[in-house]
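Please look through the sequence and the model together before reading on. The paragraphs below go from the packing inside the chains to the place where they meet.

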Amino acid sequence: MIREIQLPSRIESVDQAAIEADEFAKSCGFGDDFVSAIDLAIRESVANAVKHGNKFDESKSVDVTFTDSDEGFEVTVRDHGAGFDVDEIPDPTNPENLLKANGRGILFMNSFMDEVSWSNHSGGGMVVKMIKKR
Amino acid sequence: MSDITITERQAGDVTILDLDGKVTIGEGSVALRTAIRRLLGEGKNKILLNLAGVGYIDSSGIGELVSSFTAVKKEGGTLKLLKLTQKIQDLLAITKLLTVFDVFDEESEALSSYN
């Protein structure tokens, strides 16, 4: 089962994505604990796309796909921004970065999902694909 | 409706902010920033954040806690945390921020630590 949604580049889309993910995951039979575990990762990925990817440009959408597969729950989030090198994001847990205000979203995505991968979309923008296994 | 309600109490020279709601990207984080800046403007720089009522926090909210901590410290004050939920404690552990913040379970214990 797959669900695709397009969201505008605004803060409210973060809640919207989380609500849609909750509904979709529960309709696929995933339990409350599972849904709770993926919630923050989905919020962080959409917030990242809105804020850093599309830079709040409402003419650019955030494209989200939820997939219920044999492996588990898969979510992809695509922005339409200029892209970035994920390896260049400083590790927020390094002592010199602990007091920085930003940069923890990707850490949370990596912490709460089993697999997280980033790629450039052929049509522009970045895609993050995350999997939470059953 | 705002994502968060912040109630201010005074205990001696320590200002306690009781947070109720979500500290997330958008209104929740901005409300916390505004409250901290206001207290610093009033010369109140011993601040205790009671997070017992915070049901949800994201990376922006965590970032706002850090920004608040550094803003208060810059003014010669101290910001400490009270009554973390298990979820917030987990997030502060993941981010290694439990090594930065003074965290308390009991208000009386937190208040004594300012002396």
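**Cores, a helix and an interface**

In this predicted model, a convenient place to begin is V46(A), which, once its neighbours within four places in sequence are left aside, is in contact with L7(A), S13(A), V14(A), A17(A), V62(A), V64(A) and V77(A). V46(A) also belongs to the largest nonpolar core, a set of 32 residues in which A21(A), I38(A), A41(A), V46(A) and V75(A) have the most contacts. At least two residues of this core come from each of helix 1 (12-27), helix 2 (32-53), strand 2 (61-68), strand 3 (72-78), helix 3 (105-112) and strand 5 (126-133) of chain A, and helix 2 of chain A, with nine residues, gives the most. Apart from this core lies another, of 31 residues, which includes I6(B), L19(B), I57(B) and A110(B).

In chain B, helix 2 runs over residues 59-74, and its 16 residues reach 22 Å from the first C-alpha to the last, close to the 22 Å expected at 1.5 Å a residue. Among the buried residues of helix 2 of chain B are G61(B), I62(B), L65(B), V66(B), F69(B) and V72(B), but also E64(B) and S68(B). After this helix comes G76(B), with a positive phi near 80°.

Where the chains meet, 17 residues of chain A are in contact with 14 residues of chain B. On the side of chain A that touches chain B, the elements giving two or more residues are helix 2 and helix 3 of chain A, and by class this side has 10 nonpolar, four polar and three charged residues.

Technical notes:
Residues numbered from 1 in each chain as written. Chains lettered and ligands numbered in written order. Predicted model: local features only at pLDDT ≥ 70, side-chain atom pairs only at ≥ 80, totals over all residues. Core = buried A, V, L, I, M, F, W, Y, C linked by C-beta atoms within 7 Å. Buried ≥ 20, exposed ≤ 12 C-beta atoms within 10 Å, placed from the backbone. Helix = DSSP H or I, 4+ residues; strand = E, 2+ residues; numbered from the N terminus. Contact = placed C-beta atoms within 7 Å. Expected span 1.5 Å × (residues − 1). Nonpolar A, V, L, I, M, F, W, Y, C, P; charged D, E, K, R; others polar.
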